[in-house]
Amino acid sequence: MKRLFILLLATALACSGPAPKTQDPLPMSSEKKNDPHSFAQTEIAQVVHLDWDALIDFEQKVIDATATWTLSEGSSGEVIFDTYDLDIIDVTDGNGKPRTYTVGEKNALFGSPLIIQLAEGDKKVAISYRTSPDAKALQWTDTEQTADKLGPFLYTQSQAILARTWVPCQDGPGIRFTYDATVQVPPGMLALMSASNPSEVSNDGAYTYSMPQPIPSYLLALSAGHLAFKEVGARTGVYAEPSMVDTCAWEFADMEAMMVAAEELYGPYEWGRYDLIVLPPSFPFGGMENPRLTFATPTILAGDRSLVALVAHELAHSWSGNLVTNSVWDDFWLNEGFTVYFEMRIMEAVYGREYSEMLALLSHTELLNTVEEFMESMPDDTRLKLDLKGRNPDDGVTAIPYDKGYHFLRLMEETIGRERFDAFLKNYFQANRFKVMDTERFVALLKTDLLTEEEYSSIGVDNWIYAPGLPANVPVPNSDRFEKVDGYALAFLNETKLPENEVTETWSTHEWLRFLRRIKGADVNALAQLDAAYSLTQSGNAELAAQWFENTLSEKEAYRAPYDMDLEASVTDFLTRVGRRKFLMPIYSALLEGDKLEWAQSIYEKARPGYHAVSRESLDELLLASD
Ligand code: BES
Ligand code: ZN
């Protein structure tokens, strides 16, 4: 999402992907499209259902499990799964009869194919295995890193291609399956999945789950710890550590209203309940749209409900992404661009246009910055339709699919009017539910179902999707509230005039963010005055604190004591507590920019073991690259 991803992309390892596959013998259906990030050959054998039995071992930090996969009609010969550092113990036909298998050579990005020979008539394969203590999807959190210190905590992060590090699976977004699971955790813990979930702790630590709607592997999710549940609305609730659950329920009180707004816009919610779990602060993302149970960072607990757009975003994925899924990661904008668009519409419906236009303008600025930066060194990554073959799909997680995608959809809305656009989208979600979508089919739909030839060419659809850069007809969100903020930012930059208390009292987090982004590069003495007036160094709002750290740490000029020490303590505390990559990357980069490499590395050394692999990988590249 961040401009700074350029640093990662520039150093990304060129790596050969899974071997090319034989030509698809079936008529072109996008379900059968080759996925360059998976070893699976679904034209030979494809999964349709998973029964997963697992024992979670917190002491050894491993999962011992059996994955019993049901295969689709017509599967024969061999079935190929993706695995990454899984210790395969034994493979059978599901009835105890052994089957031969081989584990192919390991590729650093994609892992190893597990190739199982099927006997005539085999409908299932059962794979017993143990995960590696270093499994990239799994974050084993020590008791100290939790809020209540009642015990350790485990959560997974499967997107994009990490499900294979904890379940042998056909790990591409174009392959869907239903699942049932049983999970054993130490008694006293609650374990939750992206499925039907318990709301109470069981006596024996055993739990069962079912996900009757077909999902792709990147939506497999598990989390276990000392958790409590609190209802928010009739179909909504929050899971969190016991001391936080009331605060969480308050912060997310609008979940039900968001669901009502979402259904009103684009049709029924297809997944039953919608709950949210607040994870320990090491969670590497803001949110993850695991079906029925969004995983969220505690850094959105601002105390004033000002960061709940993230809930709208993850909820929106219940349609864009989870219901209609990008076919391969090159089509990632179909997941994220649609979701940002839908998020803005939910926010507008619940909080009003004035509010959602602030969010839209933040997205706009992010987009302009990213395009400008990427155009110099990697213009191809500014295309909506990406080319991630042989690369880590994580390289595609930038502002382009999110914010360029959003602006493209907004341009269509503005060109043809909301009524037509909404009718199209509602039908799109209905007609393609539980299916995959790729960019080419979407373009075809625009031609047949939505746009006239004139509209198609005046929007410049092909240019938007396939060309690098940003077309001149990009919509510009309009926010009077931000215009006012910009005036205060100028006065601060030019005359060190602080915005008055009466003014800032009415500011939301978003106005503060706009202000801080506009005053980047301000004189250090002016920054010190601002901090004296508004205690930004001590801000409990993670978005504001992170932006403030980014602004101040990038200054090369030394700070004055005792200000320095406060800042140092706050930054150190933040970076050792919070593992959200969106914050870590800009803060560590600011430290480098401000000639504070040693400081950055000494914090990183301490904090690194507490970060999830996703954040560690990005930071390793950033900090090693600057050595
Ligand atoms: N699905 C993404 C997170 C993701 C993307 C994980 C790609 C791994 C690979 C999620 O919906 C998301 O976009 N999260 C954002 C929040 C959002 C409000 C833009 C985040 O985590 O910052
Ligand atoms: Zn998203």
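Author: A helix here is a DSSP run of H or I with at least four residues, a strand is a run of E with at least two, and both are numbered from the N terminus. The model under discussion is predicted.

Reader: In which loop does alanine 160 lie?

Author: The peptide bond leading from glutamine 159 into alanine 160 is cis, with omega near 5 degrees. The strands on either side of alanine 160 are strand 9 (153-156) and strand 10 (176-184). Alanine 160 therefore belongs to neither run. Its place is the loop between strand 9 and strand 10.

Reader: Is arginine 164 buried or exposed?

Author: Arginine 164 lies in the loop between strand 9 and strand 10. A polar atom of its side chain is 3.4 Å from the backbone oxygen of isoleucine 161. A residue counts as buried under 20% relative accessible area. The relative accessible area of arginine 164 is 0%, so arginine 164 is buried.

Reader: Which residues come nearest to ligand 1?

Author: There are 16 residues around ligand 1. By class, this shell has 6 nonpolar, 6 polar and 4 charged residues. Those that come nearest are Gln159, Gly286, Glu289, Glu314 and Tyr402.

Reader: How much of the area that ligand 1 exposes when taken alone does the protein bury?

Author: Oxygen atoms of ligand 1 have polar partners in the backbone, at 2.5 Å in glycine 286 and at 3.3 Å in glycine 287. An N or O atom in the side chain of glutamate 314 is 2.8 Å from an oxygen atom of ligand 1. Taken alone, ligand 1 exposes 520 Å², and the share of this area that the protein buries is 93%.

Reader: Which element supplies the largest share of the shell around ligand 1?

Author: Strand 17 (287-288), helix 4 (309-316) and helix 5 (332-351) each supply at least two residues of this shell. The largest share is 3 residues, and it comes from helix 4.

Reader: How many of the residues of helix 4 are buried?

Author: The buried residues are Ala309, Leu310, Val311, Ala312, His313, Glu314, Leu315 and Ala316. Helix 4 is therefore largely enclosed by the rest of the structure, the buried count being 8 of the 8 residues.

Reader: Which residues coordinate the zinc ion (ligand 2)?

Author: In sequence, the donor residues are spaced H-x3-H-x18-E. The coordination by these residues is at 2.0 to 2.7 Å. The histidines act through NE2 and the glutamate through OE, and the residues are His313, His317 and Glu336.

Reader: What is the arrangement of the donor atoms around the zinc ion (ligand 2)?

Author: The zinc ion (ligand 2) has 6 donor atoms around it. Six donors count as octahedral if opposite donors are over 155 degrees apart and all others between 65 and 115. The angles here run from 52 to 158 degrees, which makes the arrangement irregular.

Reader: How many residues apart in sequence are the parts that histidine 317 and glutamate 336 tie together?

Author: Both histidine 317 and glutamate 336 are buried. Histidine 317 lies in the loop between helix 4 and strand 19 (324-326), whereas glutamate 336 is in helix 5. The pair therefore ties together parts whose separation in sequence is 19 residues.

Reader: What distance separates the C-alpha atoms of phenylalanine 374 and proline 468?

Author: Phenylalanine 374 is placed in helix 6 (residues 353-377), and at 0% relative accessibility it counts as buried. Along the sequence, phenylalanine 374 and proline 468 are 94 residues apart. In space, their C-alpha to C-alpha distance is 9.6 Å.

Reader: What distance separates the C-alpha atoms of glutamate 120 and alanine 532?

Author: Glutamate 120 lies in the loop between strand 6 (112-117) and strand 7 (124-130). At 83% relative accessibility, glutamate 120 counts as exposed. Glutamate 120 and alanine 532 are 412 residues apart along the chain, and the distance between their C-alpha atoms is 76 Å.

Reader: What is the phi of phenylalanine 434?

Author: Phenylalanine 434 is placed in the loop between helix 8 (418-431) and strand 20 (435-437). At 18% relative accessibility, phenylalanine 434 counts as buried. Its phi is positive in a residue other than glycine, with a value near 60 degrees.

Reader: Where does serine 535 lie?

Author: Serine 535 is not a glycine, yet it has a positive phi of about 45 degrees. At 40% relative accessibility, serine 535 counts as partly exposed. Its place is the loop between helix 15 (524-534) and helix 16 (542-553).

Terms used. Residues numbered from 1 in each chain as written. Chains lettered and ligands numbered in written order. Predicted model: local features only at pLDDT ≥ 70, side-chain atom pairs only at ≥ 80, totals over all residues. Heavy atoms only, no water. Near = heavy atom within 4 Å. Polar contact = N/O pair within 3.5 Å; in protein donor to acceptor, adjacent residues only side chain to side chain. Areas by Shrake-Rupley, 256 points an atom, 1.4 Å probe, with all protein chains shown as cover. Nonpolar A, V, L, I, M, F, W, Y, C, P; charged D, E, K, R; others polar. Buried < 20%, exposed > 50% of the residue type's maximum accessible area, 1.4 Å probe, protein only. Donors = N, O, S within 2.8 Å, 3.2 Å for Na, K, Ca; no water. Tetrahedral: all angles 85-135°; square planar, octahedral: opposite > 155°, others 65-115°.
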